[in-house]
Amino acid sequence: MCGIVAYIGKKLAQPILIEGLKRLEYRGYDSAGVALLGGGSIRIKKTSGRISALEDVLDEPNAAETFGIGHTRWATHGQPNTVNAHPHLDCTGKIAVVHNGIIENYGTLKTWLQNEGAHFASQTDTEVIANLIGYFYAKADSPEEPMNSEPQTKFEWAVQRALQELSGTFGLAIVCSDFPDILIGAKKGSPLILGVGDNEFIMASDASAIIEHTAQAIYLADNEMVTVTPDGFHTKTIENITISKELRQIEFSLEQIELGTFPHHMLKEIFEQPKALATCMGGRIDPQNNRIKLGGIDSYLRDLTRTKRLILTACGTAFHAGLVGEFLFEHLARIPAETEYASEFRYRNPIIEDGTLVIAISQSGETLDTLSAVEEAKERGATVLGIVNVVGSSIARATDAGVYLHAGPEIGVASTKAFTTQVAVLTMLAIELGRRRHIRSDQAGKYIEELSQIPDKISQILSQSDHIKQIASENMDQENWLFLGRGFNYPVALEGALKLKEISYIHAEGLPAAEMKHGPIALIVDGMPAVFIATAGPQYDKIMGNIAEVRARGGKTIVVATEGDENIKQHADHLITVPFTPEILQPMLTVVPLQLLAYHAAVLRGHDVDKPRNLAKSVTVE
């Protein structure tokens with residue numbers, strides 16, 4: 001869960017690397033560093049802390065250094081200090097590596113390398129990669145390790161040999177002082193792309209570090225590597241089989257990842273939700289014919305209609321979207337559904353029978369737990385669909401078919417517009433399967449018509465941001481909160497609690513409202529905030545009873561209710577309203593006030609909402 005960037009071209013490398021690292025900082029911000037090549041040597045600068053701390057220790061850019069690699073770290077092996085910061089050198093000082101991922105057999109390799117005379121300065125698994133490459137580099141001309149007959153440098157050969165010994169995941173950028181015009185990248189389980197510009201190349205963990213320089217890129221697949229020189233690049237497998245890669249257009253612009261007038265990416269992305277949803281649904285809903293058209297799965301729809309059982313698998317916010325999907329598929333399509341944490345799925349011997357459909361949900365499309373669940377489901381014979389945001393991502397490639405969110409880039413670590421667009425895609429798929437299996441066409445048409453109005457209704461909710469900020473200011477000092485909902489709004493309660501935990505560091509629990517009195521009601525003390533989602537629906541009277549239970553014990557109620565509900569006012573210490581929409585569509589509305597509540601609470605408490613402590617955007621390690 002780190003960000004790597006590399007540059008080779010004719011410009012000064014240092015400022016390009018620093019700019020790229022700033023765009024990747026949401027992937028990790030424990031420490032950072034760069035390795036710059038010029039004059040036949042590698043110059044490394046690194047430090048603990050954020051990119052700004054690295055800038056403080058950098059020298060002035062050197063005109064000879066037009067080639068380099070950089071890294072921003074989220075620590076796994078070893079504390080987040082300067083010694084453990086990347087880049088890492090091998091013990092000869094010739095090989096430098098930056099790494100995103102985890103090497104599972106690093107302990108065994110480290111012991112073996114130490115016995116071979118290598119020494120280590122850090123606690124990281126990455127230093128093992130550098131020393132392993134260095135070991136094979138030294139052996140390249142020896143009879144016991146003959147190089148392949150294919151034409152390649154001994155640097156390339158040493159990298160290939162080392163990669164074949166690694167177990168785990170990696171996105172790598174590697175340089176060697178003996179070959180000051182060669183950059184090597186490699187991928188397995190962690191994202192890596194190569195931007196192809198005009199006489200320059202930029203390698204990075206994702207396109208945000210590339211888009212300012214070029215909109216053309218190649219996306220490496222697992223067990224592939226790329227060798228780059230100022231004159232071009234070639235790709236092959238780590239077994240040295242030459243492959244060709246197609247240049248692809250990066251789907252977003254530089255403007256989309258800039259803050260503009262917003263103070264934080266998270267707030268910008270909350271306010272982008274109407275546009276993101278309109279784009280997500282654009283061309284996919286057909287109110288005139290009461291149909292949904294999801295091009296990525298069109299050829300599978302007849303088979304999907306015969307689905308006997310549905311498993312949705314995801315992590316974090318995407319898991320909560322999956323829970324909404326579970327309720328949607330059972331309600332509209334009458335398909336038995338369950339939602340599984342991807343991190344547990346492959347470890348519990350899941351039952352996959354004929355007719356089982358698995359849907360994997362991930363914003364980045366690189367979440368390693370979810371990718372592993374996809375591979376497990378496919379191995380057991382399931383049809384697997386993906387719902388992801390990032391085009392060309394690992395999950396998009398690994399699944400049988402899928403649907404892109406088209407939400408635009410999401411930079412804030414705490415996911416917002418990805419959740420609402422994930423729910424929108426699940427809703428569209430459930431409506432279409434429902435129309436084919438269970439509900440009348442005119443009923444589907446009503447849902448489609450209501451769905452088309454969701455973006456405008458979210459815009460109305462966003463106008464209450466200042467009001468929600470005031471609610472946050474009056475409750476932000478409370479260290480324990482409850483979030484309570486029923487039916488389709490139970491997953492929203494979970495998501496609201498997660499948002500508050502992620503960025504404000506307030507302890508929060510999300511619960512089905514009826515479960516409160518089966519234990520958690522013991523937590524309620526005078527002044528404790530309890531956030532209720534009490535919108536119009538079949539369980540409205542029941543949740544009113546739950547509100548009364550909290551108020552009777554001194555809890556403070558923050559209630560999200562439907563516009564025009566006069567009755568609710570006397571039961572709410574704080575009231576936030578949302579426009580009316582059918583219950584099955586409510587999660588896309590009711591989550592928005594909770595996103596704003598968490599955002600404002602975190603800012604008022606003085607936290608960096610875009611880079612919350614201990615978290616990174618794309619979880620590419622187990």
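Which residue does His88 stand opposite in S6? In this predicted model, the partner is Val97, and that pair is a handy place to start looking around.

His88 belongs to strand S5, residues 88–89, which runs antiparallel to S6 and is joined to it by 2 bridges. Together S5 and S6 make a hairpin, with 5 residues between the two strands. Look in the turn for Gly93, whose phi is positive, at about 80 degrees.

Now stay with S6 itself, residues 95–100. Here 6 of the 6 residues are buried, so the strand is largely enclosed by the rest of the structure. You can check this one face at a time: Ile95, Val97 and His99 are buried on one side, while Ala96, Val98 and Asn100 are buried on the other. S6 also pairs with strand S7 (residues 170–176), again in the antiparallel sense, over 6 bridges. Within that pairing, His99 has Leu172 of S7 as its bridge partner.

Further along the chain, there's an open sheet to trace. Its 5 strands come in the order S24-S23-S25-S26-S27, with parallel pairing. S24 (507–512) and S27 (574–578) are the edge strands; each has a single partner, so one side of each lacks a neighbour in the sheet. From one strand to the next, the twist averages 15 degrees. For a closer look inside the sheet, try S25 (residues 529–534) and S26 (residues 556–562), which are paired in parallel over 6 bridges. Val531 is found there, opposite Ile558 in S26.

Helix H17 lies across this sheet's S23 (480–485), S25, S26 and S27, and runs at about 150 degrees to S27. Which residues of H17 (residues 465–475) are buried? They are Ser465, Ile468, Ile471, Ala472 and Asn475. These sit on the same side of H17 because they cover an arc of only 115 degrees around its axis. The general logic is simple: an α-helix has 3.6 residues a turn, so residues three or four places apart point the same way.

Finally, turn to a pair of helices. H14 (residues 417–437) and H20 (residues 587–604) pack with their axes 10 Å apart, at an angle of about 170 degrees. Angles over 145 degrees count as roughly antiparallel, and H14 and H20 are therefore roughly antiparallel to each other. H14 brings Phe419, Thr420, Val423, Ala424 and Thr427 to the contact, and H20 brings Pro587, Met588 and Val591. Sorted by type, the contact residues come out as 6 nonpolar, 2 polar and no charged.

Notes. Residues numbered from 1 in each chain as written. Predicted model: local features only at pLDDT ≥ 70, side-chain atom pairs only at ≥ 80, totals over all residues. Heavy atoms only, no water. Buried < 20%, exposed > 50% of the residue type's maximum accessible area, 1.4 Å probe, protein only. Helix = DSSP H or I, 4+ residues; strand = E, 2+ residues; numbered from the N terminus. Arc of directions from axis to C-beta. Axes fitted to C-alpha atoms, helices over the stretch in contact; angles between N-to-C directions. Parallel < 35°, antiparallel > 145°, perpendicular 65-115°, else oblique. Contact = heavy atoms within 4.5 Å. Nonpolar A, V, L, I, M, F, W, Y, C, P; charged D, E, K, R; others polar. Pairing = 2+ DSSP bridges.
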